[in-house]
Amino acid sequence: MIHADRKFYLALLAPTILVLLVFIAAPIAQSVVLSFHRIIVGLPQLQNPFIGIENYQELLHDSVARHSFLVTFVFVSVTTFCEVFLGLLLALLINHRFPGRGSLRACVLVPWAIPTVVSAQMWRFLFNDSYGLINYTLFGNEVSQYVAWLAKPGTALFTIILADVWKTTSFAALLILAGLQIIPDELYEAARVDGAGIWRRFRHITWPLIRPALLIALLFRTIDAFRVFDLAFVMTQGGPADATNVLQLYGYKKMFVEGWMGYGSAISVGVFIIILILAVIYVRMVGRRVLEANL
Amino acid sequence: MAVAFSLVPFFLFVSSAFKTQTQVTAIPPTLWPSFSLDFFHSAIVQYRILGYLLNSVIVAGATTFVTLFLATLAGYALARLPRSWAYFGLLVILACAMFPQIAIVGPVWRFLRLIGWLNTYQGLVLPYVALTLPLAVWILALFFREIPAELEAAALVDGCSRIGALVRIILPLSAPGLFTAAILTFIYAWNEFFLALLIITDPLRQTMPVGIALFQGEHTVPWGEIAAASFITTAPLVAMVLLFQRRIITGLSAGAIKG
């Protein structure tokens, strides 16, 4: 390649690099720096002293943070498992040719396109304790049996998990579908000729070949589920009794409601490190070769 | 089953927008709305949702425009650079897409406050551009790569400039890719809530999702108005999905497996 060409391409890349540096890379670096300081918004007279790892020590002894981590962990594992499992079933279904397949695909995509805030309000309405349709469907006119879904710790987390599964299963299905579509039909034909039943065809052809796509769906869903905020903010505000106080919501409260910018940054660095570790593990599992083949 | 699970809850919710106040909280619930437009009227007059809608249109529109412009340049460069460079570049960009917003939001907020951009459109649009660029660049780079470089070489011989070749030869051929990237960017910016909540606290500048999340009645939750606002926010998206599902699906799977 000619030297002038290289300069031209770098010039084209420059604005993108600049935006990503200013709004993503630099903020992450600064979050790390802030997490070593005591910064309280509204009290600038404290002059934001450097306090070393004090924020992190506090974080380790913060029982609310520990609980928040646990809640997030439950949320992430249950939603990603359900979404990838249901997504796989849905993808296997859509992969077959049948009349109306296009409209079916469009219909299952609708929840994905709905703003999370809207779907959160929707579930809050449907789970309402006195006139919600879910109570009515389950208990009819027995008003005394009605459950206050969003006001009880166990059920509140369940409603948020359900809302997330409702919204993003179709996204997981699409990622898996992309993997299914590259499996050549001849493989199935050959197996059928050899007398393999539907289960053995799935077990020995589909499963090994869609594993990379499944792992990628898992990776995307895990990382995205860690960012859950909108659902908890709108449906429960993190309550009752912190039962839905997910990490991003906790960090938000510390930083922007209570103004503890330094401590909040320590939380966000923690979340960041967890996601980084997960991403590295998944990329290892998917394998560099698969990634490279797709680039 | 899948269709019912996907659509029924949403229909039940938005149908409240067409009910009357007594129907919304009735037990047993009224399934068939009376098609009254009272809630739309009060959502527009009392809660001024058209202002929120306008803000959303401005923010999502500007984000789509800027992101697409930058992503076209970057995607083209990555498609034409040697493979090893492009591989590294795409990996770095993918990594940028994986960060949790919470890890950037504190410093971004302080930076915007410093330059006086809190409560401005550009203060929200620029972070959105940063967050939507990775997927857009990714989609476009994979798309441009399928277009043979000989086409540009021919244009250069004919006296076209480099940029001229990109604009006149590559872009027309890439219309479907550009369109996919534009839809996905627009949907992201239209739906985003976390940053919008933090960066814009002035109700006159807030976007639809923030308006819907913070909807408060005087005494009770104004479900009818919330449903009406939700209907207005969601209708354009549902229309997009139904019309362009094929493009959206290609775009979403581009990040995972080359479609």
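Start where the two chains meet: select chain A and chain B together in this predicted model. The contact between them takes 73 residues from chain A and 69 residues from chain B. On the chain A side, now pick out helix α1, residues 3–34, which gives 15 residues, the largest share of the side that touches chain B. Colour that side of chain A by class and you will find 56 nonpolar, 13 polar and 4 charged residues.

**Stop 1: each chain by itself**

Hide chain B for a moment and look at chain A. Its secondary structure comes to 13 helices and 0 strands, so a cartoon view should show α elements from the N terminus on. Taken along the principal axes, the C-alpha atoms of chain A fill a box of roughly 80 × 80 × 30 Å. Chain A has 295 residues, and 45% of them are buried. Consider the contacts in chain A between residues at least 6 apart in sequence: 70% of these join residues at least 24 apart.

Now swap, and show chain B alone. Here too you can count 13 helices and 0 strands. The C-alpha trace of chain B spans about 70 × 50 × 30 Å along its principal axes. Of its 259 residues, 52% count as buried. For contacts in chain B between residues at least 6 apart in sequence, 74% link residues at least 24 apart.

**Stop 2: the nonpolar core**

Bring both chains back. Which residues have the most contacts inside the largest nonpolar core? Select L175(A), I176(A), A217(A) and V137(B), and you have them; the core itself has 174 residues. Next, highlight helix α7 of chain B, residues 121–145: this helix supplies 18 residues, the largest share of the core.

Zoom in on A217(A). Leaving aside neighbours within four places in sequence, A217(A) is in contact with V84(A), G87(A), A172(A), L175(A) and I176(A). Two of those partners, L175(A) and I176(A), are also on the list of residues with the most contacts inside the core.

**Stop 3: two helices that cross**

Stay in chain A and select helix α4, residues 101–113, along with helix α7, residues 153–180. Their axes come within 7 Å and cross at roughly 125°. Because of that angle, α4(A) is oblique to α7(A). The crossing is left-handed.

Show the side chains where the two helices touch. From α4(A), choose V108(A), L109(A), P111(A) and W112(A); they meet W166(A), K167(A), T168(A), S170(A), F171(A) and A173(A) in α7(A). By class, the residues of this contact are 7 nonpolar, 2 polar and 1 charged.

**Stop 4: a threonine in helix α9**

Move along chain A to helix α9, residues 198–225, and click on T206(A). Is T206(A) buried or partly exposed? Its C-beta has 18 others within 10 Å, and burial takes 20 or more, so T206(A) is partly exposed. Not counting residues up to four places away in sequence, T206(A) touches I183(A) and R201(A). Try the distance tool between the C-alpha atoms of T206(A) and L180(A): they are 26 residues apart in sequence and 7.4 Å apart in space.

**Stop 5: an unusual pair in a loop**

Most residues other than glycine have a negative phi. With that in mind, select A241(A) in the loop between α10 (230–235) and α11 (247–257) of chain A. A241(A) is not a glycine, yet its phi is positive, about 50°. With 12 C-beta neighbours inside 10 Å, A241(A) counts as exposed.

Select D242(A) too, in the loop between α10 and α11 of chain A. D242(A) has a positive phi of about 60°, and it is not a glycine either. This residue is partly exposed, with 17 other C-beta atoms within 10 Å.

**Stop 6: an isoleucine in chain B**

For the last stop, go to helix α4 of chain B, residues 49–80, and select I49(B). How many C-beta neighbours does I49(B) have inside 10 Å? There are 24, so I49(B) counts as buried. Apart from residues up to four places away in sequence, I49(B) touches A43(B), I44(B), G211(B), A229(B) and I232(B). To finish, draw a line from I49(B) to L171(B): 122 residues separate them in sequence, and their C-alpha atoms are 37 Å apart in space.

Notes. Residues are numbered from 1 along each chain as its sequence is written. Chains are lettered from A and ligands numbered from 1 in the order in which they are written. Helices (H or I, at least four residues) and strands (E, at least two) are DSSP runs, numbered from the N terminus. Two residues are in contact if their C-beta atoms, placed from the backbone, lie within 7 Å. Axes are lines fitted to C-alpha atoms, for helices over the stretch in contact, and angles run from 0 to 180 degrees between N-to-C directions. Angles under 35 degrees count as roughly parallel, over 145 as roughly antiparallel, 65 to 115 as roughly perpendicular and the rest as oblique. A crossing is left-handed if the near helix is turned anticlockwise from the far one by less than a right angle, and right-handed if clockwise. Ala, Val, Leu, Ile, Met, Phe, Trp, Tyr, Cys and Pro count as nonpolar, Asp, Glu, Lys and Arg as charged, and the others, Gly among them, as polar. A nonpolar core is a set of buried Ala, Val, Leu, Ile, Met, Phe, Trp, Tyr and Cys residues joined through C-beta atoms within 7 Å.
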